[in-house]
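Trainee: I've just opened this one and could use a guided tour. Can we go through it together, one question at a time?
Mentor: Sure, let's pull it up.

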Amino acid sequence: MEGLVLRLIDYGESDQIAYLFLKEEGILSAIAKGIKKSKHRFPHHLEPFRIYSFKLRKKPSHDLYWIQTADQVTSFEKIMNDIRKIALGNVIFEMVMKGVREGHPHPELYTFVISLFRALEVTDNIFPLRFYAEIHTLRLLGFLPNFETCLRCRKPLRKEEDNCFDPVKGGIICPRCQGLTYKTGTIIGSEALGALQFLKKSPLHAVSRLRITENAKNAIEAFLTEFITYHLEHPIKSLSFLKEVMP
Ligand SMILES: [Zn+2]
(Lines give C-alpha, C1' and ligand atoms only; values in the text may rest on other atoms or scores of the structure.)
Protein backbone atom coordinates (compact mmCIF):
# COMPACT_ATOMS: atom_id res chain seq x y z
CA MET A 1 0.00 0.00 0.00
CA GLU A 2 1.47 3.32 -1.06
CA GLY A 3 1.11 6.25 1.30
CA LEU A 4 2.40 9.17 3.35
CA VAL A 5 2.77 9.74 7.08
CA LEU A 6 0.70 12.79 8.07
CA ARG A 7 1.54 12.75 11.76
CA LEU A 8 3.51 10.67 14.25
CA ILE A 9 3.05 10.21 17.98
CA ASP A 10 5.58 8.38 20.18
CA TYR A 11 3.92 5.56 22.05
CA GLY A 12 5.80 3.97 24.93
CA GLU A 13 9.52 3.34 24.63
CA SER A 14 9.72 1.64 21.28
CA ASP A 15 6.44 2.19 19.41
CA GLN A 16 4.92 4.98 17.34
CA ILE A 17 1.36 5.68 16.21
CA ALA A 18 1.17 7.04 12.68
CA TYR A 19 -1.67 8.79 10.88
CA LEU A 20 -1.30 7.53 7.34
CA PHE A 21 -2.73 8.92 4.11
CA LEU A 22 -2.83 5.98 1.72
CA LYS A 23 -3.35 6.38 -2.00
CA GLU A 24 -6.19 3.86 -2.29
CA GLU A 25 -7.44 3.49 1.28
CA GLY A 26 -7.46 7.10 2.56
CA ILE A 27 -6.63 8.05 6.14
CA LEU A 28 -6.07 5.47 8.83
CA SER A 29 -4.19 5.19 12.12
CA ALA A 30 -1.61 2.48 12.54
CA ILE A 31 0.88 1.41 15.17
CA ALA A 32 4.50 0.71 14.33
CA LYS A 33 5.46 -1.80 17.02
CA GLY A 34 9.12 -1.75 17.95
CA ILE A 35 10.02 0.82 15.30
CA LYS A 36 12.59 2.47 17.52
CA LYS A 37 14.38 -0.85 18.03
CA SER A 38 13.97 -2.99 14.91
CA LYS A 39 16.27 -1.89 12.10
CA HIS A 40 15.37 -5.12 10.33
CA ARG A 41 11.63 -4.49 9.98
CA PHE A 42 12.01 -0.72 9.74
CA PRO A 43 15.22 0.16 7.90
CA HIS A 44 13.87 3.73 7.49
CA HIS A 45 12.41 5.99 10.15
CA LEU A 46 8.81 6.99 9.63
CA GLU A 47 8.69 10.66 8.68
CA PRO A 48 6.40 13.04 6.84
CA PHE A 49 7.48 14.11 3.33
CA ARG A 50 8.41 10.58 2.30
CA ILE A 51 6.42 8.08 0.29
CA TYR A 52 6.38 4.55 1.67
CA SER A 53 5.18 1.18 0.58
CA PHE A 54 3.45 -0.19 3.68
CA LYS A 55 2.47 -3.69 4.67
CA LEU A 56 -0.38 -3.40 7.17
CA ARG A 57 -2.35 -5.93 9.19
CA LYS A 58 -5.49 -5.51 11.26
CA LYS A 59 -6.67 -7.68 14.11
CA PRO A 60 -10.48 -7.86 14.19
CA SER A 61 -10.49 -6.97 17.91
CA HIS A 62 -8.39 -3.81 17.44
CA ASP A 63 -9.16 -0.35 16.06
CA LEU A 64 -5.58 0.25 14.98
CA TYR A 65 -3.78 -1.27 12.05
CA TRP A 66 -0.30 -2.69 12.64
CA ILE A 67 2.50 -1.58 10.36
CA GLN A 68 4.44 -4.73 9.53
CA THR A 69 6.94 -3.11 7.17
CA ALA A 70 7.43 0.36 5.70
CA ASP A 71 9.78 0.65 2.72
CA GLN A 72 10.70 4.12 1.59
CA VAL A 73 9.87 4.77 -2.08
CA THR A 74 10.66 8.50 -2.40
CA SER A 75 11.78 11.26 -0.07
CA PHE A 76 11.30 14.97 -0.60
CA GLU A 77 14.68 16.11 0.74
CA LYS A 78 14.39 19.71 -0.40
CA ILE A 79 11.17 20.11 1.55
CA MET A 80 12.73 18.59 4.67
CA ASN A 81 15.64 21.04 4.45
CA ASP A 82 13.53 24.21 4.21
CA ILE A 83 11.45 25.30 7.18
CA ARG A 84 9.05 27.30 4.95
CA LYS A 85 8.35 24.24 2.82
CA ILE A 86 7.87 22.06 5.90
CA ALA A 87 5.42 24.63 7.30
CA LEU A 88 3.43 24.68 4.05
CA GLY A 89 3.42 20.88 3.87
CA ASN A 90 2.10 20.75 7.44
CA VAL A 91 -0.77 23.10 6.54
CA ILE A 92 -1.76 20.76 3.71
CA PHE A 93 -1.47 17.71 5.99
CA GLU A 94 -3.65 19.40 8.60
CA MET A 95 -6.27 20.34 5.98
CA VAL A 96 -6.31 16.73 4.79
CA MET A 97 -6.70 15.42 8.36
CA LYS A 98 -9.56 17.83 9.06
CA GLY A 99 -11.28 17.42 5.70
CA VAL A 100 -11.06 13.67 5.04
CA ARG A 101 -12.70 11.17 7.38
CA GLU A 102 -10.90 7.95 8.33
CA GLY A 103 -11.80 5.10 6.02
CA HIS A 104 -12.95 7.38 3.16
CA PRO A 105 -10.51 6.96 0.25
CA HIS A 106 -9.57 10.09 -1.72
CA PRO A 107 -7.02 9.02 -4.36
CA GLU A 108 -7.43 12.28 -6.29
CA LEU A 109 -6.42 14.34 -3.24
CA TYR A 110 -3.52 11.96 -2.53
CA THR A 111 -2.21 12.36 -6.10
CA PHE A 112 -2.62 16.14 -5.81
CA VAL A 113 -0.59 16.27 -2.57
CA ILE A 114 2.22 14.27 -4.17
CA SER A 115 2.28 16.57 -7.23
CA LEU A 116 2.40 19.59 -4.91
CA PHE A 117 5.41 18.14 -3.11
CA ARG A 118 7.17 17.53 -6.40
CA ALA A 119 6.55 21.17 -7.36
CA LEU A 120 7.59 22.42 -3.93
CA GLU A 121 10.90 20.55 -4.26
CA VAL A 122 11.94 22.58 -7.30
CA THR A 123 10.65 26.12 -6.61
CA ASP A 124 11.72 28.98 -4.39
CA ASN A 125 8.71 31.12 -5.32
CA ILE A 126 6.66 29.59 -2.53
CA PHE A 127 3.79 32.07 -2.08
CA PRO A 128 1.91 31.35 -5.33
CA LEU A 129 2.33 27.63 -4.71
CA ARG A 130 1.05 28.06 -1.16
CA PHE A 131 -2.13 29.80 -2.36
CA TYR A 132 -2.53 27.27 -5.18
CA ALA A 133 -2.19 24.43 -2.66
CA GLU A 134 -4.78 25.94 -0.34
CA ILE A 135 -7.33 26.70 -3.11
CA HIS A 136 -7.09 23.28 -4.75
CA THR A 137 -7.01 21.31 -1.50
CA LEU A 138 -10.25 23.15 -0.64
CA ARG A 139 -11.63 22.30 -4.09
CA LEU A 140 -10.84 18.60 -3.63
CA LEU A 141 -12.44 18.68 -0.17
CA GLY A 142 -15.61 20.14 -1.70
CA PHE A 143 -15.20 23.79 -0.64
CA LEU A 144 -14.25 25.66 -3.80
CA PRO A 145 -14.42 29.45 -3.33
CA ASN A 146 -16.04 31.57 -6.07
CA PHE A 147 -13.74 34.29 -7.47
CA GLU A 148 -15.58 34.94 -10.72
CA THR A 149 -19.05 36.27 -9.96
CA CYS A 150 -20.65 38.32 -7.18
CA LEU A 151 -22.20 36.03 -4.58
CA ARG A 152 -25.38 38.12 -4.48
CA CYS A 153 -26.21 39.38 -7.99
CA ARG A 154 -24.23 36.61 -9.77
CA LYS A 155 -22.81 39.12 -12.26
CA PRO A 156 -19.14 38.81 -13.33
CA LEU A 157 -16.81 40.76 -11.02
CA ARG A 158 -15.00 43.78 -12.45
CA LYS A 159 -11.42 43.74 -11.17
CA GLU A 160 -11.02 47.53 -11.00
CA GLU A 161 -13.93 47.97 -8.57
CA ASP A 162 -13.93 47.86 -4.75
CA ASN A 163 -15.04 44.26 -4.41
CA CYS A 164 -15.24 42.85 -0.93
CA PHE A 165 -14.48 39.41 0.57
CA ASP A 166 -17.05 37.27 2.29
CA PRO A 167 -15.05 34.25 3.50
CA VAL A 168 -18.02 32.75 5.33
CA LYS A 169 -20.17 32.57 2.21
CA GLY A 170 -17.10 31.63 0.18
CA GLY A 171 -16.59 34.42 -2.29
CA ILE A 172 -16.76 38.06 -3.22
CA ILE A 173 -19.46 40.78 -3.16
CA CYS A 174 -19.53 43.53 -5.80
CA PRO A 175 -19.85 47.20 -4.67
CA ARG A 176 -23.51 47.41 -5.80
CA CYS A 177 -24.47 44.57 -3.44
CA GLN A 178 -22.32 45.50 -0.44
CA GLY A 179 -24.82 47.78 1.33
CA LEU A 180 -24.36 48.34 5.06
CA THR A 181 -23.41 44.73 5.85
CA TYR A 182 -20.03 44.98 4.10
CA LYS A 183 -19.15 48.52 5.10
CA THR A 184 -16.17 47.25 7.13
CA GLY A 185 -15.34 44.27 4.89
CA THR A 186 -11.88 43.73 3.41
CA ILE A 187 -11.60 45.22 -0.06
CA ILE A 188 -9.84 42.96 -2.51
CA GLY A 189 -7.76 44.83 -5.06
CA SER A 190 -7.63 44.02 -8.76
CA GLU A 191 -4.25 42.27 -8.51
CA ALA A 192 -5.33 39.93 -5.71
CA LEU A 193 -8.54 39.07 -7.54
CA GLY A 194 -6.64 38.45 -10.79
CA ALA A 195 -4.15 36.21 -8.97
CA LEU A 196 -6.92 34.17 -7.30
CA GLN A 197 -8.70 33.67 -10.63
CA PHE A 198 -5.42 32.66 -12.28
CA LEU A 199 -4.53 30.20 -9.49
CA LYS A 200 -7.97 28.62 -9.57
CA LYS A 201 -7.93 27.84 -13.30
CA SER A 202 -4.24 27.27 -14.04
CA PRO A 203 -2.35 23.98 -14.07
CA LEU A 204 0.23 23.46 -11.34
CA HIS A 205 3.26 23.89 -13.64
CA ALA A 206 2.20 27.47 -14.55
CA VAL A 207 2.04 28.65 -10.94
CA SER A 208 5.68 29.26 -10.03
CA ARG A 209 5.92 31.96 -12.75
CA LEU A 210 3.33 34.13 -10.95
CA ARG A 211 4.69 37.17 -9.05
CA ILE A 212 2.48 38.58 -6.31
CA THR A 213 3.00 42.01 -4.69
CA GLU A 214 3.00 42.45 -0.92
CA ASN A 215 -0.48 44.03 -0.85
CA ALA A 216 -2.09 41.34 -2.95
CA LYS A 217 -0.31 38.67 -0.91
CA ASN A 218 -1.70 40.04 2.34
CA ALA A 219 -5.25 40.25 0.94
CA ILE A 220 -5.17 36.70 -0.44
CA GLU A 221 -3.66 35.32 2.75
CA ALA A 222 -6.31 37.00 4.91
CA PHE A 223 -9.15 35.68 2.75
CA LEU A 224 -7.88 32.10 2.46
CA THR A 225 -6.98 31.84 6.16
CA GLU A 226 -10.46 32.93 7.19
CA PHE A 227 -12.11 30.77 4.55
CA ILE A 228 -10.18 27.63 5.54
CA THR A 229 -10.78 28.20 9.25
CA TYR A 230 -14.51 28.63 8.69
CA HIS A 231 -15.09 25.75 6.30
CA LEU A 232 -12.90 23.15 7.95
CA GLU A 233 -14.55 24.13 11.26
CA HIS A 234 -11.31 24.22 13.24
CA PRO A 235 -8.45 26.63 13.39
CA ILE A 236 -5.60 25.15 11.36
CA LYS A 237 -2.75 25.48 13.85
CA SER A 238 0.00 25.12 11.29
CA LEU A 239 -1.28 28.25 9.47
CA SER A 240 0.02 30.47 12.29
CA PHE A 241 3.41 28.76 12.13
CA LEU A 242 3.46 29.22 8.36
CA LYS A 243 2.79 32.94 8.86
CA GLU A 244 5.76 33.12 11.24
CA VAL A 245 8.21 31.54 8.81
CA MET A 246 6.73 33.15 5.66
CA PRO A 247 5.93 36.72 6.79
ZN1 LIG B 1 -23.35 42.00 -6.82
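**Strands, helices and a core**

Mentor: Let's start with a hairpin: β4 and β5 form one, with six residues between them. Keep in mind that this is a predicted model.

Trainee: Okay, over how many bridges do β4 and β5 pair?
Mentor: Look at β4, residues 50-58, alongside β5. One bridge to pick out joins Leu56 to its partner Ile67 in β5. The two strands pair in the antiparallel sense, and the number of bridges is nine.

Trainee: And in which sense do β3 and β5 pair, parallel or antiparallel?
Mentor: Find β3 at residues 26-32 and β5 at residues 65-75. Ile31 stands opposite Trp66 in β5. Over two bridges, the sense of the β3 and β5 pairing is parallel.

Trainee: There's another sheet with the order β7-β6-β8. Which strands stand at its edges?
Mentor: That's an open sheet of three strands with antiparallel pairing. Each edge strand has a single partner, so one side of it is left without a neighbour in the sheet. The edge strands are β7 (171-173) and β8 (187-188).

Trainee: Which residue in β8 does Asn163 stand opposite?
Mentor: Strand β6 covers residues 163-166, and it pairs with β8 in the antiparallel sense over two bridges. Opposite Asn163, in β8, stands Ile188.

Trainee: On to the helices. How is α2 oriented to α3, roughly parallel or roughly antiparallel?
Mentor: Helix α2 (residues 83-99) and helix α3 (residues 107-121) pack with their axes 11 Å apart, at an angle of about 175°. Angles over 145 degrees count as roughly antiparallel. That makes the orientation of α2 to α3 roughly antiparallel.

Trainee: How many nonpolar residues does the contact of α2 with α3 have?
Mentor: From α2 come Lys85, Leu88, Gly89, Ile92 and Val96, and they meet Leu109, Val113, Leu116, Phe117 and Leu120 in α3. By class there is one charged residue and one polar residue, and the nonpolar count is eight.

Trainee: What about α2 and α4, roughly parallel or roughly antiparallel?
Mentor: Here the axes are 10 Å apart and the angle is about 5°. Angles under 35 degrees count as roughly parallel. So α2 to α4 is roughly parallel.

Trainee: And how many charged residues are in the contact of α2 with α4?
Mentor: Arg84, Lys85, Leu88, Ile92 and Met95 in α2 meet Ile126, Arg130, Ala133 and Thr137 in α4. Five residues of that contact are nonpolar and one is polar, while the charged ones number three.

Trainee: Is Val113 buried or exposed?
Mentor: Val113 is in helix α3. A residue needs 20 or more other C-beta atoms within 10 Å to count as buried. Val113 has 24 C-beta neighbours inside 10 Å, so it counts as buried.

Trainee: How far apart in space are Val113 and Ile92?
Mentor: Leaving out residues up to four places away in sequence, Val113 touches Ile92 and Val96. By the same rule, Ile92 touches Val113, Leu116, Ala133 and Thr137. Val113 and Ile92 are 21 residues apart in sequence, yet from C-alpha to C-alpha the distance is 7.8 Å.

Trainee: Last one: which helix gives the largest share of the largest nonpolar core?
Mentor: That core has 67 residues, and those with the most contacts inside it are Leu20, Ile92 and Ile220. The largest share of the core is eight residues, from residues 126-140, helix α4.

Terms used. Residues numbered from 1 in each chain as written. Predicted model: local features only at pLDDT ≥ 70, side-chain atom pairs only at ≥ 80, totals over all residues. Axes fitted to C-alpha atoms, helices over the stretch in contact; angles between N-to-C directions. Helix = DSSP H or I, 4+ residues; strand = E, 2+ residues; numbered from the N terminus. Parallel < 35°, antiparallel > 145°, perpendicular 65-115°, else oblique. Contact = placed C-beta atoms within 7 Å. Nonpolar A, V, L, I, M, F, W, Y, C, P; charged D, E, K, R; others polar. Core = buried A, V, L, I, M, F, W, Y, C linked by C-beta atoms within 7 Å. Buried ≥ 20, exposed ≤ 12 C-beta atoms within 10 Å, placed from the backbone. Pairing = 2+ DSSP bridges.
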